[in-house]
Amino acid sequence: MGQLIIFEGLDGSGKGTQTKLTAQRLKEQGRDLRQITFPDYDSESSALVKMYLSGAFGDKPDDVNAYAASSFYAVDRFASYKTDWGEFYREGGLVLSDRYTTSNAVHQCSKLPPMHWDGFLNWLFDFEYKKFGIPAPDAVIYLAVDPEVSQRLITERYHGDESKKDIQEKDTEYLARSRAAAEYCARTLGWHRIECTTADANGAKSMRSVEDINAEILAELAGIL
Ligand SMILES: Cc1cn([C@H]2C[C@H](O)[C@@H](COP(=O)(O)O)O2)c(=O)[nH]c1=O
């Protein structure tokens, strides 16, 4: 079996950028690897995910319960494993993924009261890793960002056009609950937490530089790969 490393974080945490940069740096060091990302929007397997995110089942994330929404994303992952990277992984390859089952852990957990989180997480990992049979990650790099900073980054990404946000991005209360769930998962599931926000002398918060964050990620991975 190969190794599977996940990059996780809330929307606007820079996961995509860090996954790409880490892949590039590891390739420069001579590592052969595959880089994947979820949802797999280019594949038909993401049809249900697209319907859900565009509001076909209701315009609030809570209109689709944690278990049903998780199954849409799980099917997308199963298809990608079977048709794209499974063989490479089974033959010993290194796979870096921008989001994975861990995104269901963060974003779907948050639809449930905290007392049900452990039960949901047990169900989720059994469902995806045991019943579906896709691999469990070897390590999860969790990019922690102050919610105020990540909201600013999401708005900038869409140039202030709120209508471009998907139903999860629009719901600020849901995002706050997702942050709580992410911190809980990082703490209880042994994720490697990288603090991506810094504050200046006046307390103004901003993101650390991409290179600075990446150097910390590479140092973490040096102990894993
Ligand atoms: C991959 C994945 C994403 N999500 C959520 C996170 C985002 O709010 C949303 C869309 O992902 P994106 O922002 O990376 O395009 O889907 C899950 O809830 N479970 C998953 O397994």
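The exercises below work through a predicted model, each with a stepwise solution. Residues are numbered from 1 along each chain as its sequence is written. In this predicted model, local features need pLDDT of at least 70 and side-chain atom pairs count only at pLDDT 80 or more, while totals for chains, interfaces and linings use all residues; side-chain values use heavy atoms, with hydrogens and water left out.

**Exercise 1. Strand 4**

Task: Find which strands pair with strand 4, and state why strand 4 is described as largely enclosed.

Solution:
- Step 1. Helices (H or I, at least four residues) and strands (E, at least two) are DSSP runs, numbered from the N terminus. Strand 4 covers residues 139–144.
- Step 2. Two strands pair if DSSP finds at least two bridges between them. Strand 1 (residues 3–9) is parallel to strand 4, with five bridges, and Ile 6 stands opposite Val 140.
- Step 3. Strand 5 (residues 192–195) also runs parallel to strand 4, joined by four bridges. Here Tyr 142 has Arg 193 as its bridge partner.
- Step 4. In a regular strand, side chains alternate between the two faces of the sheet. Ala 139, Ile 141 and Leu 143 point one way, Val 140, Tyr 142 and Ala 144 the other, and all are buried.
- Step 5. Buried means under 20% relative accessible area, exposed over 50%, and partly exposed in between (1.4 Å probe, protein chains only). Six of the six residues of strand 4 are buried, so the strand is largely enclosed by the rest of the structure.

**Exercise 2. Leu 143**

Task: Decide whether Leu 143 is buried or exposed, and list what it touches.

Solution:
- Step 1. Leu 143 sits in strand 4. Its relative accessible area is 1%, so Leu 143 is buried.
- Step 2. Contact means heavy atoms within 4.5 Å. Not counting residues up to four places away in sequence, Leu 143 touches Glu 8, Gly 9, Leu 10, Ser 13, Gly 14, Lys 15, Gln 18, Ile 194, Cys 196, Ile 213 and Ile 217.
- Step 3. Leu 10 is 133 residues from Leu 143 in sequence, yet the two are 7.7 Å apart in space, C-alpha to C-alpha.

**Exercise 3. The nonpolar cores**

Task: State how many residues the largest nonpolar core has and which helix gives the most to it.

Solution:
- Step 1. A nonpolar core is a set of buried Ala, Val, Leu, Ile, Met, Phe, Trp, Tyr and Cys residues joined through side-chain atoms within 4.5 Å.
- Step 2. The largest has 31 residues, and Leu 4, Trp 85, Tyr 100, Ala 105, Phe 120, Leu 121 and Trp 191 have the most contacts inside it.
- Step 3. Helix 5 gives the most to this core, with six residues.
- Step 4. Leaving aside neighbours within four places in sequence, Ala 105 contacts Phe 120, Leu 121, Leu 124, Phe 125, Cys 185 and Trp 191.
- Step 5. A second, separate core of 17 residues includes Leu 94, Ala 139, Ile 194 and Cys 196.

**Exercise 4. Two loops**

Task: Find where the cis peptide bond lies and what phi Arg 99 has.

Solution:
- Step 1. The cis bond joins Phe 38 and Pro 39, with omega about -5 degrees. Pro 39 is in the loop between strand 2 (33–37) and helix 2.
- Step 2. Arg 99 lies in the loop between strand 3 (94–98) and helix 4. Its phi is near 75 degrees, a positive value in a residue other than glycine.
- Step 3. With a relative accessible area of 14%, Arg 99 is buried.
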